[in-house]
Amino acid sequence: MSEVPAWKHIDISRANGVTEARLHTNGASLIWTAFASDEIEHFFHWVAGDEETKVVILTGSGDDFCAELDAASFGSRSWRQVWASEQRLLSAVMDLNTIVISALNGPVMIHSDIPVLADIVLACPEAAFGDPYHFKRNVVPGDGVQLVWGTLLGSSRANYFFLTNQRLSAEDAKQVGAVHEIHPRDELLTRARELARTLAEKPAATLTYSKAALRLRDRRDFREDLSHSLALQGLALNALGYSKPE
């Protein structure tokens with residue numbers, strides 16, 4: 001079995017072709033920081049090259065999946081660095097040819113595009129989805145979150161979602177197809193593991209090529225739009241006096 005890197009924000013367990021990744025900050029709910037973002041990107045790159053992993057379960061810790069942002073942690077980065085790192089992160093998730101199951105243990109308010117990009121999305125009733133850190137705070141939603149929710153909601157409903165700071169409940173998200181099953185929090189991982197075990201019984205080639213086939217159109221559209229939309233986000237930040245517009 002290949003060695004698992006030592007990540008500060010990701011606890012890993014592995015068995016029978018299933019890799020379970022639990023995101024956290026000091027054992028509690030994940031706080032989104034520049035360093036956490038880098039680690040999550042590295043995790044997806046690592047799992048893409050790990051031939052022993054056939055299915056990934058992505059979950060969180062505590063009462064939230066990720067509901068808090070540490071904006072100050074990005075303060076030392078130029079916009080050029082942010083522009084590049086955001087593309088690497090979302091591309092690593094979108095291009096992954098390993099089946100992913102999200103088990104959302106609570107609200108997802110930061111980069112909610114990542115868990116809903118999973119092939120199967122499970123959520124507890126307390127889960128919710130929103131984007132309070134972009135338009136509400138005069139930041140253009142251009143880091144890929146708008147592309148993913150635009151696909152899930154349709155352009156008109158996505159516009160409303162971002163411009164009014166709408167919060168979708170787990171049931172709301174299930175109605176639009178962003179969530180596939182809702183289970184009590186204490187039963188969530190049991191269901192995720194059940195699904196993962198069943199999927200992991202399939203040949204690796206079947207899983208890999210099925211994932212690639214199912215993602216063909218999304219990947220094409222995503223690659224064309226992500227760099228441009230991030231550039232628009234940076235343009236607005238520069239206009240508002242972002243101190244490192246390089």
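# Sheet, core and salt bridges in a predicted model

Strand 4, residues 55-59, and strand 6, residues 99-104, run parallel and are joined by five bridges. I start there, and I should say at once that this is a predicted model.

Take one position in that pairing: L58 has S102 of strand 6 opposite it. Moving on, strand 6 and strand 7 are also parallel, with four bridges between them. Here L104 faces A123 of strand 7. Then strand 7 pairs with strand 10, again parallel, through two bridges. In that pairing L122 has E181 of strand 10 as its bridge partner.

So how many strands form the open sheet, and in what order? There are six, ordered 1-2-4-6-7-10, and the pairing is mixed. At the edges are strand 1 (10-15) and strand 10 (181-182), each of which pairs on one side only.

Next, what lies across the sheet. Helix 1, residues 34-48, is placed across strand 1, strand 2 (18-23) and strand 4. Relative to strand 1, helix 1 runs at about 20°.

That brings me to the core. As a general point, nonpolar side chains in soluble globular proteins tend to be buried together. In this model the largest nonpolar core has 75 residues. Which residues have the most contacts inside it? They are W32, I40, F43, F44, L58, F129 and W149. L58 is the residue I mentioned opposite S102. I40 is worth listing in full: with neighbours within four places in sequence set aside, I40 is in contact with I10, L23, L30, W32 and L89. W32 is, like I40, on the list of residues with the most contacts inside the core.

While we are in this region, a word on T25. T25 sits in the loop between strand 2 and strand 3 (30-32). Is T25 buried or exposed? Its relative accessible area is 16%, and because buried means under 20%, T25 counts as buried. Setting aside neighbours within four places in sequence, T25 is in contact with H9, L30 and I31. L30 is also among the contacts of I40.

Now the aromatics. Such a pair is described by the distance of the ring centres and the angle of the planes. The count for this model is seven aromatic pairs. One of them is F43 with F44: the centres are 5.3 Å apart and the planes stand at 65°, so this pair is edge-to-face. The cut-off in play is that planes over 60 degrees apart count as edge-to-face. Both residues are buried, F43 with a relative accessible area of 1% and F44 with 3%. F161 and F162 also make an edge-to-face pair, at 5.0 Å centre to centre and 80° between the planes. F161 and F162 are both buried. F43 and F44 belong to one aromatic cluster together with W7 and W46.

Last topic, charges. In the whole structure there are twelve salt bridges. I will go through three of them.

The first on my list is D119 with R215, at 3.8 Å from N to O. Where in the chain do D119 and R215 lie? D119 is in the loop between helix 3 (113-116) and strand 7 (120-123), and R215 is in the loop between helix 8 (204-214) and helix 9 (216-239). The two are 96 residues apart, so to describe it plainly, the pair links distant parts of the chain. On accessibility, D119 is partly exposed at 24%, whereas R215 is buried at 8%.

R215 also meets D218 in a salt bridge, at 4.0 Å from N to O. D218 is partly exposed, with a relative accessibility of 29%. Which residues make up the network of salt bridges here? The network links D119, K211, R215 and D218.

The third on my list is D221 with R220, at 3.2 Å from N to O. Both of these residues are partly exposed: D221 has a relative accessible area of 32%, and R220 is at 46%.

To recap: six strands in an open sheet with mixed pairing, helix 1 across strands 1, 2 and 4, a largest nonpolar core of 75 residues, and a salt-bridge network that includes R215.

Methods:
Residues are numbered from 1 along each chain as its sequence is written. This is a predicted model: local features need pLDDT of at least 70, side-chain atom pairs count only at pLDDT 80 or more; totals for chains, interfaces and linings use all residues. Side-chain values use heavy atoms; hydrogens and water are left out. A salt bridge is a side-chain nitrogen of Lys or Arg within 4 Å of a carboxyl oxygen of Asp or Glu. Buried means under 20% relative accessible area, exposed over 50%, partly exposed in between (1.4 Å probe, protein chains only). A nonpolar core is a set of buried Ala, Val, Leu, Ile, Met, Phe, Trp, Tyr and Cys residues joined through side-chain atoms within 4.5 Å. Contact means heavy atoms within 4.5 Å. Two strands pair if DSSP finds at least two bridges between them. Axes are lines fitted to C-alpha atoms, for helices over the stretch in contact, and angles run from 0 to 180 degrees between N-to-C directions. Rings of Phe, Tyr and Trp (its six-membered ring) pair if their centres lie within 6.5 Å; planes under 30 degrees apart count as stacked, over 60 as edge-to-face and the rest as tilted.
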